[in-house]
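Me: I've got a structure open and I'd like to learn how to read it. Can you walk me through it?

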Amino acid sequence: QVFPDGKSVVTLGSDACARVWDSSTGKVLQQFAPIDVKEQRQVRVSPHGDMVVTGVSYSADDPAKVWSVAEGRELYELRQPGGRIRFLELSSCGGKLVTVGDSGVYIWDVAAGRLERRLPIYSPEASGVAISRGGARVVVASLNQTINVWHGSGKLSQTLHMRHGVTAFALLDGERSMVAFSDDEAVVWDMVTGERLRTLEGHWDVQSRYVTISTAGSVVAACSGTSPRGGRRMLVWDASTGRRLLSSTMEDYESGPMSWRMLRSACSVAIGPLSSLPGALLQT
């Protein structure tokens with residue numbers, strides 16, 4: 001994941017270590033090496049870039065970890081009751097963390113390193129989770145074609161329906177609107193009313209697996225796991241209109257006509273920060 005200033009990137013390795021890299025030089029700036037964790041599959045950076053959260057494992061014994069970026073040390077261990085952590089996500093303000101387990105959904109106070117509450121939400125086919133800025137809403141997407149929006153109290157607020165299973169989603173403004181992807185559609189939703197606000201154009205040919213939003217919520221970028229046309233693809237949209245701004249394949253970046261820096265001030269995708277077009281591959 002890219003840091004808010006666009007100057008650093010954090011990655012997770014097969015050795016369960018998280019590493020912070022300088023995006024301009026490719027040098028390792030910091031390393032977080034948990035000694036009691038078998039694996040870590042997700043990493044999140046706080047909005048201020050001062051903390052990194054790692055977690056998600058097939059093992060019920062592996063907790064989530066909160067790390068200090070400046071000091072390179074573990075601040076807290078978040079051990080979820082009742083089984084493994086399947087998904088985790090930070091709120092846009094960085095104050096709340098939500099994790100999904102086999103026995104429910106858990107909301108954590110990140111600064112204090114403590115569990116706030118458990119919501120009795122069971123979703124065995126869950127494909128992702130998100131939490132609103134203040135923790136008032138928790139969103140759980142599923143491969144069974146639904147997105148459930150819950151109040152922080154545990155009451156179901158809305159159930160949104162997609163044509164196919166939800167493969168990726170993200171909150172746009174941190175509170176009310178969100179974008180969700182399935183294999184043949186990308187939809188912007190109002191989470192409060194359950195209304196479909198708009199469809200992102202030209203998504204039919206990409207099976208999006210990763211999605212990220214610009215700081216202002218005005219730009220959506222998605223990267224595919226695979227594409228019917230072959231290889232990975234990246235698409236960028238104007239969130240307010242649904243208009244597609246960019247469509248490109250991995251081959252484009254390997255041959256150099258475009259840059260991972262294309263939208264540095266507006267957006268970043270999981271594979272790197274972007275700024276202007278045209279350009280060249282900056283770092284591998």
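Reply: Happy to. Start with burial: of the 284 residues of the protein, 53% count as buried. Keep in mind that this is a predicted model.

Me: What does the accessible surface of the protein come to, and what share belongs to carbon and sulfur atoms?

Reply: The accessible surface is about 12500 Å², and carbon and sulfur atoms hold 50% of that.

Me: How many helices and strands does the secondary structure come to?

Reply: One helix and 25 strands. As for contacts, take those with a separation of 6 or more: residues 24 or more positions apart account for 34% of them.

Me: Let's pick a strand. How many residues of β10 are buried?

Reply: Strand β10 covers residues 104-109, and six of its six residues are buried. Now look at which way they point. Gly 104, Tyr 106 and Trp 108 go one way, while Val 105, Ile 107 and Asp 109 go the other, and all are buried.

Me: Which strands does β10 pair with, and in what sense?

Reply: Take the partners in turn. Strand β9, residues 96-101, pairs with β10 in the antiparallel sense over six bridges. Within that pairing, Lys 96 stands opposite Asp 109. Strand β11, residues 114-119, also runs antiparallel to β10, joined by five bridges. There, Val 105 of β10 stands opposite Leu 119.

Me: How many residues sit between the strands of each hairpin?

Reply: The hairpin of β9 and β10 has two residues between its strands. The hairpin of β10 and β11 has four, and Gly 113 in that turn has a positive phi of about 70°.

Me: Why does Arg 19 count as buried?

Reply: Go by the number rather than the residue type. The cut-off is under 20% relative accessible area. Arg 19 is at 18% relative accessibility, so Arg 19 counts as buried. You'll find Arg 19 in strand β2, residues 18-22. Beyond its neighbours within four places in sequence, Arg 19 is in contact with Val 9, Val 10, Thr 11, Gly 13, Val 28, Gln 30 and Gln 31.

Me: And the cysteines: are Cys 17 and Cys 93 buried or partly exposed?

Reply: Same approach. Cys 17 counts as buried because its relative accessibility is 9%, under the 20% cut-off. Cys 93 has a relative accessible area of 37%, so Cys 93 is partly exposed, in between 20% and 50%.

Me: How many disulfides does a search of the whole structure find?

Reply: Zero.

Terms used. Residues numbered from 1 in each chain as written. Predicted model: local features only at pLDDT ≥ 70, side-chain atom pairs only at ≥ 80, totals over all residues. Heavy atoms only, no water. Disulfide = S-S within 2.5 Å. Buried < 20%, exposed > 50% of the residue type's maximum accessible area, 1.4 Å probe, protein only. Pairing = 2+ DSSP bridges. Contact = heavy atoms within 4.5 Å. Areas by Shrake-Rupley, 256 points an atom, 1.4 Å probe, with all protein chains shown as cover.
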